[in-house]
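User: I have not seen this structure before. Please take me through it in questions and answers.

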Amino acid sequence: MDQLTRIILEAGRSGVELSLFVLLPIMVVMLSLMRLLEARGVLDWVVARLAPLLRPLGLTGLGVFAALQINLVSFAAPVATLTMMEGRGASDRHLAATLAMVMAMAQANVTFPMAAMGLAFGPALVLSVIGGLAAAAVTYHGFGRSLSAAEAPLDETLHHRVADDAKGVLDVINRAGAEAFKISVGAIPMLVLALVAVMALRASGGIDALTALLAPLLRAFELDPALILLTLTKYIAGGTAMMGVMDEMLKAGATSVATLNTSAGFLIHPFDVAGVAVLISAGRRVAAVWKPAALGAVVGIAVRTVGHALL
């Protein structure tokens, strides 16, 4: 019982430190910047220029905005955009392509904090975009080809707050700070539970036994044994939990920054149990196209994985 209490307290301390002293300040700055650009109309300008270029890949203007959201805000930010697309009459094919893209891209609430751990942010962002676009294209033209392409006259106006004066700017920053705080504090329960599970498995010898069992396969592909635990955590508990485990392993010397960067394409994206559940909550039609979107997301993640491995 003493050992369990020690594990819980240690995991709690690590989870709270990561959330409040790493995730929160980074998200406050980046969300404030993102919301100010949004309020000033910069993102509207970017979307208007990119939408015609990316439409052949199956993305509408709102789809492009969803890409900006996941890469610059968080994995949950595109949920509102997907809901908007469904409500405004986007076709099932466009919904599937956008969902696949979002599931294949790297979420900002993980990439920004992990940049502080040693993640090469620039290459990760570029490969995130490449993988997301590949997922959208292969879904729109391949896996989702049989879906309905019929759509209502689509209103792609982006509704958001403006910041035309000092008061408006302050209001946007305050709201962005509140949003960042909500994201950071909301991550604490999953971080703590994941770290408790990891520490308990490590203390019981479960991780060592699984690593020994898979050692021959890992050696054959020259893979870091740390990926076993990271992969289990990622695909069961989600990206934020994986980030917490990665932070602990880096501090303990159980893995390296090189492994972090090599495995980023495989580990940093919302295509896991928790992430998919959140994304398909955007609407009935969004949930109905998750299968072709998931197949497209796998292709996009594979592209990113190869890209990171070659860097």
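The turns below go from the whole chain to single residues and pairs.

User: What kind of model is this, and how many helices and strands does the chain have?
Analyst: This is a predicted model. Its secondary structure contains no strands, the count of these being 0. The number of helices is 16.

User: How does the radius of gyration of the chain compare with the globule rule, and what is its value?
Analyst: For 311 residues the globule rule gives 19 Å, and the value for the chain is close to that, so the chain is as compact as a globular protein of that length. Along the principal axes, the C-alpha atoms fill a box of roughly 60 × 50 × 35 Å. The radius of gyration is 20 Å.

User: What share of the residues is buried?
Analyst: A residue counts as buried when its relative accessible area is under 20%. The chain still exposes about 13,800 Å², and carbon and sulfur atoms supply 70% of that area. Of the 311 residues, the buried share is 50%.

User: Among contacts between residues at least 6 apart in sequence, what share joins residues at least 24 apart?
Analyst: One such link is the salt bridge between Asp-92 and Arg-285, whose partners are 193 residues apart. Taken over the contacts between residues at least 6 apart in sequence, the share joining residues at least 24 apart is 83%.

User: Which helix gives the most residues to the largest nonpolar core?
Analyst: The largest nonpolar core has 80 residues. Those touching the most other members include Leu-99, Met-114, Leu-230 and Ile-268. The helix that gives the most to this core, with 10 residues, is α8 (residues 166–204).

User: Which residues does Ile-268 contact, leaving aside neighbours within four places in sequence?
Analyst: Ile-268 is one of the core residues that touch the most other members. Met-114 and Met-242 are also named in that group, and both are in contact with Ile-268. The full list of contacts is Met-105, Ala-106, Gln-107, Val-110, Thr-111, Met-114, Leu-119, Met-242 and Arg-304.

User: Is Gln-69 buried or exposed, and what does it touch?
Analyst: Gln-69 sits in helix α3 (residues 61–72). Its relative accessible area is 6%, below the 20% limit, so Gln-69 is buried. Not counting residues up to four places away in sequence, Gln-69 touches Met-34, Ser-74, Ala-77, Pro-78 and Thr-81.

User: How many salt bridges are there, and which residue meets Glu-10 in one?
Analyst: The structure holds 5 salt bridges. Glu-10 has its partner 4 residues away in helix α1 (residues 2–39), about one turn of the helix. Glu-10 is partly exposed at 27% relative accessibility, and its partner is also partly exposed, at 46%. With N to O at 3.5 Å, the partner is Arg-6.

User: Where do the two partners of the salt bridge between Asp-92 and Arg-285 lie?
Analyst: The side chains of Asp-92 and Arg-285 meet at 3.0 Å, N to O. Asp-92 is partly exposed at 22% relative accessibility, whereas Arg-285 is buried at 18%. The pair links distant parts of the chain, with Asp-92 in helix α5 (residues 92–104) and Arg-285 in helix α15 (residues 284–288).

User: Are the partners in the salt bridge of Lys-234 buried or exposed, and how far apart are the closest N and O atoms?
Analyst: Lys-234 is in helix α10 (residues 226–237) and Asp-272 in the loop between α13 and α14, so the pair ties together parts 38 residues apart in sequence. Lys-234 is buried with a relative accessible area of 0%, and Asp-272 is buried at 6%. The closest N and O atoms are 2.5 Å apart.

User: Why does the aromatic pair of Tyr-235 and Phe-266 count as stacked, tilted or edge-to-face?
Analyst: The structure holds 2 aromatic pairs. In this one the ring centres are 5.5 Å apart and the planes are at 50°, which falls between the limits of 30 and 60 degrees. Tyr-235 lies in helix α10 and Phe-266 in helix α13, so the pair ties together parts 31 residues apart in sequence. On the angle of 50°, the pair is tilted.

User: How far apart in space are Arg-13 and Leu-31?
Analyst: Arg-13 has its place in helix α1 and is partly exposed, with a relative accessible area of 48%. In sequence, Arg-13 and Leu-31 are 18 residues apart. From C-alpha to C-alpha, the distance is 25 Å.

Conventions. Residues numbered from 1 in each chain as written. Heavy atoms only, no water. Salt bridge = Lys/Arg side-chain N within 4 Å of Asp/Glu carboxyl O. Helix = DSSP H or I, 4+ residues; strand = E, 2+ residues; numbered from the N terminus. Buried < 20%, exposed > 50% of the residue type's maximum accessible area, 1.4 Å probe, protein only. Core = buried A, V, L, I, M, F, W, Y, C linked by side-chain atoms within 4.5 Å. Contact = heavy atoms within 4.5 Å. Rg over C-alpha atoms; globule rule 2.2 N^0.38 Å. Areas by Shrake-Rupley, 256 points an atom, 1.4 Å probe, with all protein chains shown as cover. Phe/Tyr/Trp six-rings, centres within 6.5 Å; stacked < 30°, edge-to-face > 60°.
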